[in-house]
Amino acid sequence: MEEDLIFKKATLALGGDIKLPEGFEIPVRVSHSTSGPGAGKDSVAFSFHGMRVKKSVSYEKGEFELREREDGKLYLTHRGEPFLDEIEFDPVVYHCPEQAFFTLDPRCSFGCAFCASPRLPEKDYKGLTDEDIARMSLEAYERMHVVAVSLTSGVMNDDVDLTAERFVSCIKAVRKVLPDIKIGIEPYADSEAQIKAFKEAGADEIKLNIQAATPEIFARVCPDLDRKAILECLGHAVRYFGRGHVTSNIIFGLGETREELEKCMSQLCEMGVIPTVRSLRRNAYNAETLRKAIGEPVPVTAEEMVEVARMHKEVLSRYGMDTRTFGTMCLECGCCDLVPFRDL
Ligand code: SF4
Ligand code: SF4
């Protein structure tokens with residue numbers, strides 16, 4: 001991928017809203033997410049030159065502006081200057097393009113400093129049952145291009161086992177109606193029995209998030225989670241799901257050094273886990289909790305995002321790993337990060 005385009009994707013992914021032309025009718029369904037960097041906002045996905053981003057859109061103002069040519073083709077400006085000569089809407093299935101990605105329950109008993117999900121307004125809780133999710137996945141599969149069903153969740157009632165049971169029942173419900181679809185899950189887990197149960201229920205891929213590059217930063221930003229248990233579960237996950245079918249989020253921009261970030265990526269790769277590397281985004285839901293946990297975070301720049309993605313690719317290559325072995329959730333979607341071997 002061209003150097004300039006990689007930098008533009010980083011600028012777009014980290015930047016503000018996209019302003020739409022007055023009276024413009026969005027030709028795709030608008031997504032109101034309860035997870036990921038855009039949680040709590042209305043957003044749409046776009047594709048350009050083989051890349052993809054999901055952005056909040058507004059008719060009032062935006063750092064970027066969508067413009068329409070006479071032939072109906074779309075392009076983008078950035079602060080009034082030409083930015084992308086062509087861009088298209090990329091239809092969201094549920095939450096992201098080509099995937100039916102559901103949040104079982106965004107409410108969470110834990111309080112990770114960067115996470116918007118538990119701080120979203122009550123009205124954002126959709127209360128989907130397993131049957132709803134299975135039916136919606138099947139309907140989406142029948143009318144759109146869907147490559148995977150993905151499931152995430154907060155931890156309900158402070159009960160990790162209960163949450164695991166909900167994942168299991170939902171995986172089974174989806175598997176029943178879509179026997180061949182790839183299913184990816186992102187639970188918080190703390191025992192081997194849970195990991196085994198996810199696999200036996202029919203999940204293909206799993207994401208267990210280490211979240212921060214060092215134990216010290218983790219203790220500050222995820223005070224209620226157990227880093228040792230996450231690492232142990234990642235080990236179990238590689239045994240049950242296989243190398244290349246397990247991933248783990250590392251958020252950078254939390255005050256770690258580049259060396260610490262590289263060490264964490266290497267530690268995961270050594271275990272057979274593909275790191276999903278995400279830059280910290282500050283928003284209305286996490287600004288206060290982040291300030292309390294780590295002080296005022298220095299915003300990640302597009303240059304840093306590109307440098308970290310290059311390092312990510314180099315570390316993966318060193319361990320013979322590739323993001324393309326993983327076909328669900330963020331590595332497959334690619335809307336919010338620069339994904340090695342897909343974007344660069
Ligand atoms: S465990 Fe932490 S990251 Fe996960 S939903 Fe709860 S608060 Fe968010
Ligand atoms: S990259 Fe992940 S968080 Fe972002 S839109 Fe895609 S699935 Fe959601």
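In which helix is R220 found? The legends below, which describe a predicted model, begin with that residue.

**View 1. R220 and its surroundings in helix α5.** R220 belongs to helix α5, which covers residues 215-221. Because 17 C-beta neighbours lie inside 10 Å, R220 counts as partly exposed; a buried residue would need 20 or more. Leaving aside residues up to four places away in sequence, R220 touches A293 and I294. The C-alpha atoms of R220 and A113 are 8.1 Å apart in space, although 107 residues separate the two in sequence.

**View 2. Strand β11 and the orientation of its residues.** Strand β11 spans residues 148-152 and is mostly covered, with five of its five residues buried. A148, S150 and T152 point one way from the strand, while V149 and L151 point the other way. Both sets of residues are buried.

**View 3. Pairing of β11 with β10.** Strand β10 (residues 99-103) runs parallel to β11 and is joined to it by five bridges. Within this pairing, T103 has T152 of β11 as its bridge partner. Between the two strands the chain passes through helix α2 (residues 130-143), forming a right-handed β-α-β crossover.

**View 4. Pairing of β11 with β12.** Strand β12, comprising residues 182-186, is also parallel to β11, and five bridges connect the two. S150 is placed opposite G184 of β12. Here the chain leaves β11, traverses helix α3 (residues 160-177) and enters β12; this β-α-β crossover is right-handed.

**View 5. The shell of residues around ligand 1.** Ligand 1 is surrounded by C108, F110, G111, C112, C115, S117, P118, G154, V155 and Y188. By class, the shell holds seven nonpolar and three polar residues, and no charged residue.

**View 6. Helix α6, its buried residues and its packing partners.** Helix α6 is formed by the 15 residues 227-241. From its first C-alpha to its last, α6 reaches 20 Å, which is close to the 21 Å expected at 1.5 Å a residue. An α-helix has 3.6 residues a turn, so residues three or four places apart point the same way. The buried residues of α6 are I230, C233, L234, H236, A237 and F241. These buried residues pack against helices α4 (192-201) and α7 (258-271), as well as strands β13 (205-207) and β14 (246-252). Just after α6, G242 adopts a positive phi of about 100 degrees.

Key: Residues numbered from 1 in each chain as written. Chains lettered and ligands numbered in written order. Predicted model: local features only at pLDDT ≥ 70, side-chain atom pairs only at ≥ 80, totals over all residues. Buried ≥ 20, exposed ≤ 12 C-beta atoms within 10 Å, placed from the backbone. Helix = DSSP H or I, 4+ residues; strand = E, 2+ residues; numbered from the N terminus. Pairing = 2+ DSSP bridges. Right-handed = clockwise from strand over helix to strand, strands pointing away. Near = placed C-beta within 6 Å. Nonpolar A, V, L, I, M, F, W, Y, C, P; charged D, E, K, R; others polar. Contact = placed C-beta atoms within 7 Å. Expected span 1.5 Å × (residues − 1).
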